[in-house]
Amino acid sequence: MNTIGRHFKITLFGASHSPTLGVTIDGCPAGIALDAKRFESDLARRKAGAFGTTQRIESDTPHIESGCKDGYTTGDAIRIVFENKNVRPQDYEQFKTRPRPGHADWVAQQGGNSSSGGGIFSGRMTLPLVAAGVVAKRMLQEKHPNVQISARLLEVGGSKDFTMAVEAAQAVGDSVGGIIECSVTQLPVGLGAPFFNSIESCISHIVFSIPGIKGIEFGAGFAAARMRGSEHNDCYIDAQGNTATNHAGGINGGLTNGNELILRVAAKPTPSIARAQETFDFAANKMAPLVIKGRHDVCFALRLPVVIEAVTAIALADFALV
């Protein structure tokens, strides 16, 4: 399905090399200030062309086709469209019979979802996610003006030296992944709906929709398994519910507890690498060499902080606006 959300609902359409791609947003109330300029900052943070990213350059100009008038939302469904102009489908022809290791090429063909340029499995699909995130942030700010969502890159290829890690991989035609941390402050207490719509469940659901994401943790995360209860327990220190530590990452019982919500996301190395590989040739029924040409990120994680912010905002908006 290309739709997620209950009260704040988004539907993605298009693909990496289709004429257009974009998002339709339902559930945004009327009267929220929103025009194309509101998207510029976040879309620029996701944009390709910088060090370590793909050299496929698109304008990424948002065309708001419905749901806004005179700079304000109307309460109708918002439809935002982006054009794909800089496409090179010829770079992807060989993957129909020689699928890329680590990519979705082969499984996509089995499910009938194969299309040029990675299709819906491409990192290009994070563009409409960021656009939807801009709307979600605006809605959150209207309802809860003090809420702040901020994500940053923690490490690349296991190193804090991002440039060195990317350069080392690029020098040998390889790629690297990374870890992104996102924090949300000044959230109200009680967002979430146990049992199956806990705040962690809903954030994780949309985070794992981002191509290349392999893991997520909240607060102390996996380190909690190596702690004792006396270490992990967050002691309450005042009548507002603030705690001395935040191993829970701002969540108890699937509900926000008013403390800083903290999550970390792991992104895998980009599977499309310049280094020669081998794969199975399904046409010839034998192993064959694979050399991938085209324009691909050495480290897609470099462009992910704003995407993680966006999907977190989308998940929170689904609760915060009820």
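Phe282 is partly exposed, with a relative accessible area of 42%, in what is a predicted model. This residue belongs to the loop that runs between strand 14 (277–281) and strand 15 (286–290), and together with Trp106 and Val107 it makes a nonpolar surface patch of about 300 Å². Because residues enter such a patch only with over 30% relative accessible area, the 42% computed for Phe282 lets it count here even though it is partly exposed.

Beyond strand 15, the chain passes through another loop, which leads to helix 7 (305–320) and holds Asp297. Asp297 has a relative accessibility of 9% and therefore counts as buried, since the cut-off for that class is under 20% relative accessible area. Its side chain reaches the backbone nitrogen of Thr54 at 3.0 Å. When neighbours within four places in sequence are left aside, the residues in contact with Asp297 are Gly52, Thr53, Thr54, Thr270 and Arg303, so that Thr54 appears both in this set of contacts and as the residue whose backbone nitrogen the Asp297 side chain reaches.

We turn next to the sheets. Strands of a sheet pair through backbone hydrogen bonds, in either a parallel or an antiparallel sense. One open sheet in this model is formed by five strands in the order 1-2-3-7-4, with antiparallel pairing. Strand 1 (3–4) and strand 4 (63–66) stand at its edges, and because each has a single partner strand, one side of each is left without a neighbour in the sheet. Within the same order, strand 3 (residues 20–26) and strand 7 (residues 78–83) run antiparallel and are joined by six bridges, with Gly22 having Val81 in strand 7 as its bridge partner.

A further set of pairings involves strand 9 (178–185). Strand 8 (residues 148–156) pairs with strand 9 in the antiparallel sense over eight bridges, and in this pairing Leu153 has Ile180 of strand 9 as its bridge partner. Strand 9 is also joined to strand 13 (residues 261–267) by seven bridges, and these two strands likewise run antiparallel; here the bridge partner of Glu181 is Arg264 in strand 13. Six of the eight residues of strand 9 are buried, so this strand is largely enclosed by the rest of the structure.

The loop between strand 9 and helix 5 (199–207) contains two residues whose backbone geometry deserves a look, and Phe195 is one of the residues placed there. The peptide bond from Pro194 to Phe195 is cis, with omega near 25°. Gln186 is found in the loop between strand 9 and helix 5 as well, and its phi is near 65°, a positive value in a residue other than glycine. With a relative accessible area of 52%, Gln186 is exposed, because that class begins at values over 50%.

A positive phi also occurs at Asp70, where the angle is near 55° in a residue other than glycine. Asp70 lies in the loop between strand 5 (68–69) and strand 6 (72–73), and at 69% relative accessibility it counts as exposed. Thus the two aspartates described here fall into opposite classes, Asp70 being exposed, whereas Asp297 is buried.

Note on methods
Residues numbered from 1 in each chain as written. Predicted model: local features only at pLDDT ≥ 70, side-chain atom pairs only at ≥ 80, totals over all residues. Heavy atoms only, no water. Patch = residues over 30% accessible without salt bridge, like charges linked within 9 Å, V, L, I, M, F, W, Y side chains within 5 Å. Areas by Shrake-Rupley, 256 points an atom, 1.4 Å probe, with all protein chains shown as cover. Salt bridge = Lys/Arg side-chain N within 4 Å of Asp/Glu carboxyl O. Helix = DSSP H or I, 4+ residues; strand = E, 2+ residues; numbered from the N terminus. Buried < 20%, exposed > 50% of the residue type's maximum accessible area, 1.4 Å probe, protein only. Polar contact = N/O pair within 3.5 Å; in protein donor to acceptor, adjacent residues only side chain to side chain. Contact = heavy atoms within 4.5 Å. Pairing = 2+ DSSP bridges.
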